[in-house]
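The following exchange introduces a structure to a reader who has not seen it before. Please look over the sequence and the model before reading on.

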Amino acid sequence: MNEAISLENISKSYGNNLILNNLNLTISYGKVLCISGSNGSGKSTLIRILAGLIKADSGDLLVDGNLINKSNSSFRRRIGVLLDSNMIYENMTVFENLKLASSLYSINDTQNTIKSTSKILGIS
């Protein structure tokens, strides 16, 4: 299996505005994907669907060949997403923000996970 993520006939609307219309996309392991387009073309909506932050109106999202639905959202523990909006609490340190985010995703051994990841990213 070379498909890390697969979108099949994904559609999403906001009110009467159809943003994604039967989108099909396959992302293989080890590949980098660049999503570009004009404002309002659906880039952020697509990323939010991929990250499990919002649900598509129709279609299937598969991660590692597993169909993702409301009862199967544990895949979010294995992915990360950085959106254009500020998603940190300014009154908290970086470590405190990461610790909070880790608790939301039930990440075990939070302190060591944050320290090792920070070292890998060169931000420790």
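The questions below move from the whole chain to single residues and then to the core.

This is a predicted model, in which local features need pLDDT of at least 70 and side-chain atom pairs count only at pLDDT 80 or more, while totals for chains, interfaces and linings use all residues. Residues are numbered from 1 along each chain as its sequence is written, and side-chain values use heavy atoms, with hydrogens and water left out.

Q: In what order do the elements of the protein chain run from the N terminus on?
A: Helices (H or I, at least four residues) and strands (E, at least two) are DSSP runs, numbered from the N terminus. The protein chain has three helices and four strands. From the N terminus on, their order is β-β-α-β-β-α-α.

Q: What percentage of the 124 residues in the protein chain is buried?
A: A residue is buried under 20% relative accessible area, exposed over 50% and partly exposed in between, with a 1.4 Å probe and protein chains only. In the protein chain of 124 residues, the buried share is 22%.

Q: Is S11 buried or exposed?
A: S11 is found in strand β1, which spans residues 3-14. Because its relative accessibility is 8%, S11 counts as buried.

Q: Which backbone nitrogen does the side chain of S11 reach?
A: Contact means heavy atoms within 4.5 Å. Leaving aside neighbours within four places in sequence, S11 is in contact with L20, N21, N22, A56, D57 and S58. At 2.9 Å, the side chain of S11 reaches the backbone nitrogen of N22.

Q: How does L18 count at 48% relative accessibility, and what is the reason?
A: L18 lies in strand β2, residues 17-28. Apart from neighbours within four places in sequence, L18 is in contact with K12 and S13. Because its relative accessibility is 48%, L18 counts as partly exposed.

Q: Which element gives the largest share of the largest nonpolar core?
A: A nonpolar core is a set of buried Ala, Val, Leu, Ile, Met, Phe, Trp, Tyr and Cys residues joined through side-chain atoms within 4.5 Å. The largest one has 10 residues: L7, I10, L20, L46, I49, L50, L61, V63, I68 and F75. Two or more residues each come from β1, α1 (43-50) and β3 (58-63). The largest share, three residues, comes from α1.

Q: Which residues does L7 touch, not counting those up to four places away in sequence?
A: L7 is one of the residues of the largest nonpolar core. Beyond four places in sequence, L7 touches L23, N24, L25, L46, L50, D60 and L61.

Conventions. Polar contact = N/O pair within 3.5 Å; in protein donor to acceptor, adjacent residues only side chain to side chain.
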